[in-house]
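User: I've got this model open and would like to talk through how it is put together. Can you take my questions one at a time?

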Amino acid sequence: MKCYAACVALLLAASPVHAGPCTETIAGVQAEVDAAIERQAGADGWKTESLNATRNYQPTPRSLAATEGRAGARFEFALDALDRARAADRMADSATCHEQLANARAALRR
């Protein structure tokens, strides 16, 4: 009986996860940004290993963008726009979300 009560309590405590109005589109644009960063990082050849790399820190899209100089600035802008799109998505603000996604895509075309 205690096990049954515990299972019911856990099921009632779990809340469903709701996707925002542009969650799937955000994932697609994130993939585009990640691919663009990877292409740019691979185009420059080998670079000196950073202190973070020697400490076994895993690179993130933002940390890779930061190492790309002028090209990295547009990637950082795109990543910031994605952050704003995610915030708008959490607030169910579809218009702002799509506007920020357009900004991220525009940054990739520069």
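User: Is Phe77 buried, partly exposed or exposed?
Analyst: This is a predicted model, and in it Phe77 sits in helix 5, which covers residues 69-90. Buried would need under 20% relative accessible area and exposed over 50%. Phe77 has 31%, so the label is partly exposed.

User: Which residues does Phe77 touch, leaving out those up to four places away in sequence?
Analyst: One handle on the surroundings is Ala106, 29 residues along the chain from Phe77, with a C-alpha separation of 9.8 Å. As for touching, the cut-off is heavy atoms within 4.5 Å. With residues up to four places away in sequence set aside, that gives Arg84, Asn103, Ala107 and Arg110.

User: How are helix 5 and helix 6 oriented, roughly parallel or roughly antiparallel?
Analyst: Their axes come within 8 Å and cross at roughly 170 degrees. Anything over 145 degrees falls in the antiparallel class. So helix 5 and helix 6 are roughly antiparallel.

User: What kinds of residue make up the contact of helix 5 with helix 6?
Analyst: Phe77 is back again here, on the helix 5 side, along with others including Phe75, Ala78, Leu82 and Arg84. Helix 6 brings, among them, Cys97, Gln100, Leu101 and Leu108. The crossing is left-handed. By type, the contact comes to twelve nonpolar, three polar and four charged.

User: And Gln100, buried or exposed?
Analyst: Gln100 lies in helix 6. Outside its neighbours within four places in sequence, it is in contact with Ala81, Arg84 and Ala85. Its relative accessibility is 9%, and with the cut-off for burial at under 20%, Gln100 counts as buried.

User: What is the phi of Ala92 near, and is that value positive or negative?
Analyst: Ala92 is found in the loop between helix 5 and helix 6. At 56% relative accessible area, Ala92 is exposed. Its backbone stands out for being a residue other than glycine with a phi that is positive, near 60 degrees.

User: Which two residues form the disulfide?
Analyst: The structure holds one disulfide. A pair of cysteine sulfur atoms within 2.5 Å qualifies, and the two sulfurs here are 1.7 Å apart. The partners are Cys22 and Cys97.

User: How many residues apart are Cys22 and Cys97?
Analyst: Cys22 is in the loop between helix 1 (2-13) and helix 2 (23-43), while Cys97 belongs to helix 6 (residues 94-109). The pair therefore links distant parts of the chain, and the separation is 75 residues.

User: What is the handedness of that disulfide, left or right?
Analyst: Look at the torsion about the S-S bond of Cys22 and Cys97, which is about 110 degrees. That value makes the disulfide right-handed.

User: Are the two cysteines, Cys22 and Cys97, buried or exposed?
Analyst: Take Cys22 to begin with: its relative accessibility is 1%, so it counts as buried. Cys97 comes in at 0%. By that value, Cys97 also counts as buried.

User: How do helix 2 and helix 6 run, roughly parallel or roughly antiparallel?
Analyst: The axes of helix 2 and helix 6 come within 10 Å and cross at roughly 15 degrees. Under 35 degrees is the parallel class. Helix 2 and helix 6 are therefore roughly parallel.

User: What kinds of residue form the contact of helix 2 with helix 6?
Analyst: Cys97 takes part from helix 6, alongside residues including His98 and Leu101. Helix 2 supplies, among them, Ile26, Val29 and Val33. The split is eight nonpolar, two polar and two charged.

User: And helix 2 with helix 5, roughly parallel or roughly antiparallel?
Analyst: They pack at about 165 degrees, with axes 11 Å apart. Residues that meet include Ile26, Val29 and Val33 in helix 2 and Phe75, Ala78 and Leu82 in helix 5. The contact divides into eleven nonpolar, three polar and two charged. With that angle over 145 degrees, helix 2 and helix 5 are roughly antiparallel.

User: Stepping back, how many helices does the protein have?
Analyst: Along the sequence the pattern reads α-α-α-α-α-α. There are zero strands, and the helix count is six.

Definitions and conventions: Residues are numbered from 1 along each chain as its sequence is written. This is a predicted model: local features need pLDDT of at least 70, side-chain atom pairs count only at pLDDT 80 or more; totals for chains, interfaces and linings use all residues. Side-chain values use heavy atoms; hydrogens and water are left out. Helices (H or I, at least four residues) and strands (E, at least two) are DSSP runs, numbered from the N terminus. Buried means under 20% relative accessible area, exposed over 50%, partly exposed in between (1.4 Å probe, protein chains only). Axes are lines fitted to C-alpha atoms, for helices over the stretch in contact, and angles run from 0 to 180 degrees between N-to-C directions. Angles under 35 degrees count as roughly parallel, over 145 as roughly antiparallel, 65 to 115 as roughly perpendicular and the rest as oblique. Ala, Val, Leu, Ile, Met, Phe, Trp, Tyr, Cys and Pro count as nonpolar, Asp, Glu, Lys and Arg as charged, and the others, Gly among them, as polar. A crossing is left-handed if the near helix is turned anticlockwise from the far one by less than a right angle, and right-handed if clockwise.
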